[in-house]
Amino acid sequence: MFDLPKDILFRLDELSETYGVNRNEVRAYSELSKNYRNQNFKEMNFSHAIAYALGRMPATYGVIKYVLERFKNTGKNFSNILDIGAGVGALKIALRDYEISYKALEKSEAMRKVFRKLSGDDSKIYSEDFLKFQIETRYQAVFASYFINEIKNKKSALKKIFDLSEKYVFILEPGTPNGFKNILEAKKIAMELNWYPLLPCATRGCQLSDEDWCHFSIRLPRTKHHAKLKNAALPYEDEKFCYVIFSKKETSFFKNNTIIKRPMKKSGHTIFDVCTGNGIRRIVRTDKSSRKLQWGDQL
Ligand SMILES: C[S@@+](CC[C@H](N)C(=O)[O-])C[C@H]1O[C@@H](n2cnc3c(N)ncnc32)[C@H](O)[C@@H]1O
């Protein structure tokens, strides 16, 4: 459900065969991973951009698909979107089944080049640095996935994101304590600007203790490129992520009962940790239908 479409996997093969001598890709990927670990976001070259597409995009695409599905289930919609720090175009590919007008902003020339090769898209991609980007048009939705993490002045980037949007703002981040800090910062700014969190919970602050962080996880089939780049044997990868979707209007989509940890299935009952809006609670359910509920669902 969250794996890349076949034609994109085919284009990744082509990219790898045409441009990436095997050892080159592995080296570029390990440089990229090291840079991410050290929070050192240098200008990417073409090998880095290919390594990103082969090694990271299957996971960021999966997370984006997951978040779009969750949004769709609210019954809400928008007709146009701006993708900030679009990378190699994971959101563009994920939006294929939606009738939504898409616009990208990506400062790296190498990433834009790979974006075009993957999506076959020759429409304009804004090439500016987002922090210097002049706002001329507003979009119904603004999307920033794995982007805030890379920005030094997070506060002003977040303010600008809200300023650009008319209805919805999507922020996706790595499922790490640092990624979650960025989500909390976004929530703080949203509150100051009178925006409301819609998903994964409608709580304006956060009730988790400082040592904990709210994140989710999806399991993806590991592509052959990913296995090679990471020298990994398992046929799947687990991608952990944090996210928040904000709405300009206050909404009563659900009463807060988001399952925030993997449910613990025991014989005859399931244990859920849920965020209720009035604190974190542990709830035990014995009915059969509860066994189908997953991490991230509403109880
Ligand atoms: C980790 S990648 C995420 C790509 C894509 N959103 C995804 O989820 O796969 C972050 C992207 O943001 C871009 N970026 C970082 N700072 C930027 C800025 N100030 N303005 C525009 N793009 C920026 C980087 O070049 C990179 O392509």
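How many residues surround the ligand, and which are the closest? In this predicted model, the ligand is surrounded by 19 residues, and Tyr52, Gly85, Glu106, Phe130 and Ser145 are the closest. By residue class, the shell around the ligand consists of nine nonpolar, five polar and five charged residues.

Polar contacts to the ligand involve both side-chain and backbone atoms of the protein, as the following cases show. In the side chain of Thr60, an N or O atom is 2.8 Å from an oxygen atom of the ligand. The side chain of Asp129 likewise places an N or O atom 2.8 Å from a nitrogen atom of the ligand. At Gly85, a backbone N or O atom is found 2.8 Å from a nitrogen atom of the ligand. On its own, the ligand has 600 Å² of accessible area, of which 96% is covered by the protein.

The packing of two helices was examined next. Two packed helices are described by the distance between their axes and by the angle between those axes. Helix α3 spans residues 46–55 and helix α4 spans residues 57–72; their axes come within 4 Å and cross at roughly 55°. With that crossing angle, α3 is therefore oblique to α4. Helix α3 contributes Tyr52, Ala53, Leu54 and Gly55 to the contact, while α4 contributes Met57, Pro58 and Thr60. Five of the residues in this contact are nonpolar and two are polar, with no charged residue. Two residues named in the contact also appear in the description of the ligand site: Tyr52 is listed among the closest residues to the ligand, and Thr60 has the side-chain atom 2.8 Å from a ligand oxygen.

Two backbone features were located in loops. The peptide bond from Leu199 to Pro200 is cis, its omega being near 0°. Pro200 belongs to the loop between β5 (196–199) and β6 (216–221). Tyr146, a residue other than glycine, has a positive phi, near 55°. The loop that holds Tyr146 runs between β3 (139–145) and α7 (154–164).

Note on methods: Residues are numbered from 1 along each chain as its sequence is written. This is a predicted model: local features need pLDDT of at least 70, side-chain atom pairs count only at pLDDT 80 or more; totals for chains, interfaces and linings use all residues. Side-chain values use heavy atoms; hydrogens and water are left out. Axes are lines fitted to C-alpha atoms, for helices over the stretch in contact, and angles run from 0 to 180 degrees between N-to-C directions. Angles under 35 degrees count as roughly parallel, over 145 as roughly antiparallel, 65 to 115 as roughly perpendicular and the rest as oblique. Contact means heavy atoms within 4.5 Å. Ala, Val, Leu, Ile, Met, Phe, Trp, Tyr, Cys and Pro count as nonpolar, Asp, Glu, Lys and Arg as charged, and the others, Gly among them, as polar. A residue is near a molecule or strand if one of its heavy atoms lies within 4 Å of it. A polar contact is a pair of N or O atoms within 3.5 Å; within protein, one must be able to donate a hydrogen and the other to accept it, and residues adjacent in sequence count only if both atoms are side-chain atoms. Accessible areas come from the Shrake-Rupley method with a 1.4 Å probe; for residues, only the protein chains shown count as cover.
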